[in-house]
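These are my notebook entries on one structure. I wrote them while going through the items I wanted to look up.

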Amino acid sequence: MAGDGGPRLDRAFFARPTLEVARSLLGCVVHTQLSDGEASGRIVEVEGYLDASDLASHAARLKRGGVRSMFGPPGIAYVYRSMGIHAMLNVVTEAEGRAGALLLRALEPLSGIDVMRLRRGVDDVRLLCAGPGRLCQALGITLGDHGTDLTESGRIWITAGSCVDSVSVSGRIGISRAVEESWRFFETGSPFVSVHRRGMALPP
DNA sequence: ACCTGGATCTTCT
DNA sequence: GAAGATCCAGGTA
């Protein structure tokens, strides 16, 4: 149900180094409460994008538009369109003035499975939120949600969740120009991740 | 003004 | 595994 799952993550949670937030964000729960229904899912996969030194990051390439939120206060949603079609949901990290964001890549659906199925047009629970575009569609997140304060909004928010047994890292997905870095974090063995690529397990 | 290149997903084979 | 769908910011002119 909406509101369940523990306290809402606050700004201090996100105001830390991006890759540190990435690990602690796994297991947390994203909720949306929209006119056509409520839905939530446990975060099982994220990717870190850093400042201008990270050539795959929008912060290195773009100066105007929505990407400016990557430099702004943490805990804000940075939503952009990819490949002309899909919405991508990022959460801004780092203290205000430092660029950083985490791309939410996959969720384990928890509630609102039926409304997710309607929005996605697929039945298989494993395919509802397995991918950044898919999870936005399943949660009903659109470009209009860009700039939402996730620590305040009643429409999209994130709560602390269950612990993750084991975290794995691998290279980010779909990076072609920049030198790849192992900044993709996912729950080891989860059937809900977007790409079933083997990673390296992190020490607990 | 035009061109290019994507932090993707689906539907084929 | 390969290709098509489809849009926008930035660079070039």
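Which residue in S5 is the bridge partner of Val92? I looked it up, and the partner is Ala101. I note here that the model is predicted.

**Entry 1: strands S3, S4 and S5**

I stayed with the strands around that pair. S4 and S5 run antiparallel and are joined by three bridges. On the S3 side I found six bridges to S4, and this pair is antiparallel as well. As one of the pairings I noted Tyr80, whose bridge partner in S4 is Met88. I then checked burial along S4: six of its seven residues are buried, so S4 is largely enclosed by the rest of the structure.

**Entry 2: Met83 and Glu94**

I looked for positive phi values in residues other than glycine. Met83 has a phi near 55°. I located Met83 in the loop between S3 and S4; the hairpin has three residues between the strands. Is Met83 buried or exposed? Its relative accessible area is 74%, so I logged Met83 as exposed.

Glu94 also has a positive phi, about 70°, without being a glycine. Glu94 sits in the loop between S4 and S5. For Glu94 I read a relative accessible area of 12%, which means that the residue is buried.

**Entry 3: DNA strand C**

Which residues are around DNA strand C? I listed Leu62, Lys63, Arg64, Arg81, Met83, Gly84 and Ile85. By class, I wrote down three nonpolar, one polar and three charged residues. Of the strand C atoms within 4 Å of the protein, 58% are sugar or phosphate atoms and the rest are base atoms.

I then went through the polar contacts. Lys63 has a backbone N or O atom 3.0 Å from a phosphate oxygen of DNA strand C. Arg64 likewise places a backbone N or O atom at 3.1 Å from a phosphate oxygen of this strand. At Met83 the contact is to a base: a polar backbone atom of Met83 is 2.7 Å from a base oxygen of DNA strand C.

**Entry 4: DNA strand B**

How many residues surround DNA strand B? I found 21, and the closest are Met83, His86, Asn90, Arg120 and Arg134. I had already noted Met83 around DNA strand C. The classes for DNA strand B are nine nonpolar, eight polar and four charged. Among the strand B atoms within 4 Å of the protein, 60% belong to sugar or phosphate, with the rest in bases.

I recorded the following polar contacts with DNA strand B:

- Ala56 has a backbone N or O atom 3.3 Å from a base nitrogen.
- Tyr80 has a polar side-chain atom 2.9 Å from a base nitrogen.
- Ile173 has a polar backbone atom 3.4 Å from a phosphate oxygen.

Two or more residues of the surface near DNA strand B come from each of helix H3 (58–61), strand S3 (77–82), strand S4 (86–92) and helix H5 (132–139).

**Entry 5: helix H2**

I moved on to helix H2, residues 18–25, and noted its buried residues as Thr18, Val21, Ala22 and Leu25. Why are these on the same side of H2? They cover an arc of only 110° around the axis, and therefore share one side. An α-helix has 3.6 residues a turn, so residues three or four places apart point the same way.

What do the buried residues of H2 pack against? I listed helix H1 (11–14) and strands S2 (37–49), S5 (101–111), S6 (156–159) and S8 (184–187). Gly27 follows H2 and has a positive phi near 95°.

**Entry 6: Thr32 and Glu181**

I looked up Thr32 in strand S1, residues 29–34. Its relative accessibility is 1%, so Thr32 counts as buried. The side chain of Thr32 reaches the backbone oxygen of Leu139 at 3.0 Å. Leaving out residues up to four places away in sequence, Thr32 touches residues including Gly37, Arg119, Leu139, Ile141 and Trp157.

Last, I checked Glu181, in the loop between strand S7 (167–170) and S8. With a relative accessible area of 32%, Glu181 is partly exposed. Beyond residues up to four places away in sequence, Glu181 touches Ser170, Gly171 and Arg172. I also noted the C-alpha separation between Glu181 and Val169, which is 9.8 Å for residues 12 apart along the chain.

Definitions and conventions:
Residues numbered from 1 in each chain as written. Chains lettered and ligands numbered in written order. Predicted model: local features only at pLDDT ≥ 70, side-chain atom pairs only at ≥ 80, totals over all residues. Heavy atoms only, no water. Buried < 20%, exposed > 50% of the residue type's maximum accessible area, 1.4 Å probe, protein only. Helix = DSSP H or I, 4+ residues; strand = E, 2+ residues; numbered from the N terminus. Arc of directions from axis to C-beta. Contact = heavy atoms within 4.5 Å. Near = heavy atom within 4 Å. Polar contact = N/O pair within 3.5 Å; in protein donor to acceptor, adjacent residues only side chain to side chain. Nonpolar A, V, L, I, M, F, W, Y, C, P; charged D, E, K, R; others polar. Pairing = 2+ DSSP bridges.
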